[in-house]
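Please take a moment to look over the sequence and the model below, and then follow the text from the aromatic rings to the ligand and its surroundings.

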Amino acid sequence: MNVQPQASHFIDGAYIEDTQGERIDVIYPATGAVIATLHSATTAIVDQALASAKCAQKEWASWTATERGRVLRRAADIMRERNHALSVLETYDTGKPYQETSVVDATSGADALEYFGGLAASITGEHIQLGDDFVYTRREPLGVCVGIGAWNYPTQIACWKGAPALACGNTMVFKPSETTPLCALKVAEILHEAGAPAGVYNVIQGYGAVGASLVTDARVDKVSLTGSVPTGRKVYQAAAEGIRHVTMELGGKSPLVIFDDADVENAVSGAILGNFYSSGQVCSNGTRVFVQRGIKDAFLKRLTARLADVKMGDPQDPDVNFGPVVSERQRDIVEGFIAKGVEEGATLVTGGKRVDLDGFFLEPTVFADVTDDMTIARDEIFGPVMSVLDFETEDEVLARANDTAFGLAAGVFTADLTRAHRMAAGFEAGTCYINTYNDAPVEAPFGGSKLSGVGRENSKAAIEHYSQIKGVYVRMRDLEAPF
Ligand code: NAD
């Protein structure tokens, strides 16, 4: 399959190239081969994209919300029709197995387009009666929104930001990660084909510097970033200069707590989904797996048995269920953490090594006897490495689960109904799971607390972050004044 796009950028309804921009080689993580070459946006391209978004915004906002919603719903239909091709592309971009991409990426992107398309017409203000006078509120768009993406879910991130932004009457300039630049271009193409006017959704490529130049531009009203905490700090600070709205979807080191009374098979499934899906490159992963002592042996036994069913190979093969990590750099980072885990005295239960395949494959890795102070229990690894920690009591585990600067997600497996809800109430995290892990339906809010972020994506909550309220006071009688 030829994955080379027509051009690097999609601006004002058309593909556009500027070869003056720094070269971006797209590498298929399963082979290490260069599969496409793009160019980072020059200042001229950045300017063109923002000018186009600015120019299109007022007109787009003047459409009725039903009309805007129809465009989004049409785009959702097109995405679903093209699910196969989009999933193949997502697999080339990220290395995630087709077995995953065919059911997660374009499909969840389409869900977001459909959901916010459906919601658009219900976004209304309110009427506040004040005697004879009254106030009415208008829920208005923010203006031009910038979206900046991470490399783990390029299609999903482009849609999770674009769909609510466009539903509210904003326009967007989206910059995908330089590691996975291909998929967002398809989202732009599809939205345009579905009837979004030129300039409503633009995609430009680039490294961090391009993202930084977008964040500080006077034409930009809002920035939504999905990325690491260090990048989040920089973007948040830069956005503050212009008092711009922000959504920050950042990193995590989430706890997954398994009590003695949990169903072992379900708990193992949760731990697998929360550590090895997408080769562990999921922000909300429950990488600190706290296992109560009474269930530890059974848990580790079933976990290692089930890991024998991991099938690695060409991620485009639908039978393959575990892919490489996204890049050579990411593999090096993850290997560094594995070495640290061994050095600091954790027990390597399984994995830990490279796989004898081309590309950036690493075995799914499980450490047991991990303690709270070890590097692998404190830092976000963003790779297929699970840390299993022992615990005795509920109070103890809740305190330890919360003893982190991050607060993205948290999960608990238990048969005790009241304990499950107590734990969910006690977790310092934006997204919690009871007897499941890592579900992210568009109907539910998603986002972090503490260092993991600000704002929420998905659900009705996202509307708050892509619109603002204007209050209009209406006087019905003569107006008195002191002189
Ligand atoms: P990253 O922070 O390195 O990069 C994210 C994006 O920011 C990229 O597009 C990059 O080009 C851009 N960028 C870098 N410096 C910038 C700057 N100074 N100004 C503006 N933009 C800049 O993150 P990554 O390595 O691509 O992704 C992995 C991280 O993302 C992990 O920490 C992961 O937890 C997090 N993540 C969070 C979520 C979430 O929803 N909370 C989802 C996926 C990934």
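Two rings of Phe, Tyr or Trp, with the six-membered ring taken for Trp, form a pair if their centres lie within 6.5 Å, and the pair counts as edge-to-face if the planes are over 60 degrees apart. By this rule the count comes to eight aromatic pairs in what is a predicted model. In one of them, the rings of Phe10 and Tyr15, the centres are 5.2 Å apart and the planes stand at 90°, so this pair is edge-to-face. Phe10 and Tyr15 are both buried. Tyr115 and Phe116 also form an edge-to-face pair, with 5.0 Å from centre to centre and 90° between the planes, and again both Tyr115 and Phe116 are buried.

Rings can also be looked at together with charged side chains. Lys96 lies over the face of Tyr153, at a distance of 3.6 Å from the ring centre, while the charged end of Arg419 is placed over the ring of Phe259, 3.9 Å from its centre.

From here we can turn to the ligand. Which residues come nearest to the ligand? Of the 28 residues around it, these are Gly149, Glu178, Ser228, Thr231 and Glu380. Sorted by class, the shell around the ligand holds 13 nonpolar, ten polar and five charged residues.

Some of the contacts can be described atom by atom. For Gly149, a backbone N or O atom lies 2.7 Å from an oxygen atom of the ligand, and for Leu250, a backbone N or O atom lies 2.8 Å from a nitrogen atom of the ligand. With Glu380 the side chain takes part, since one of its N or O atoms is 2.5 Å from an oxygen atom of the ligand. Taken alone, the ligand exposes 850 Å², and the protein buries 87% of that. The elements that give two or more residues to the shell around the ligand are helix H7 (208-215), strand S10 (222-226) and helix H8 (229-241).

One more residue is left to place, and that is Val46, which is found in helix H1, residues 43-62. Is Val46 buried or exposed? Its relative accessibility is 8%, and because a residue counts as buried under 20%, Val46 is buried. Measuring from C-alpha to C-alpha, Val46 and His9 are 9.9 Å apart in space, although 37 residues separate these two positions in sequence.

Methods: Residues are numbered from 1 along each chain as its sequence is written. This is a predicted model: local features need pLDDT of at least 70, side-chain atom pairs count only at pLDDT 80 or more; totals for chains, interfaces and linings use all residues. Side-chain values use heavy atoms; hydrogens and water are left out. Rings of Phe, Tyr and Trp (its six-membered ring) pair if their centres lie within 6.5 Å; planes under 30 degrees apart count as stacked, over 60 as edge-to-face and the rest as tilted. Buried means under 20% relative accessible area, exposed over 50%, partly exposed in between (1.4 Å probe, protein chains only). A charge sits over a ring if NZ of Lys or CZ of Arg is within 6 Å of the ring centre and within 35 degrees of the ring normal. A residue is near a molecule or strand if one of its heavy atoms lies within 4 Å of it. A polar contact is a pair of N or O atoms within 3.5 Å; within protein, one must be able to donate a hydrogen and the other to accept it, and residues adjacent in sequence count only if both atoms are side-chain atoms. Accessible areas come from the Shrake-Rupley method with a 1.4 Å probe; for residues, only the protein chains shown count as cover. Helices (H or I, at least four residues) and strands (E, at least two) are DSSP runs, numbered from the N terminus. Ala, Val, Leu, Ile, Met, Phe, Trp, Tyr, Cys and Pro count as nonpolar, Asp, Glu, Lys and Arg as charged, and the others, Gly among them, as polar.
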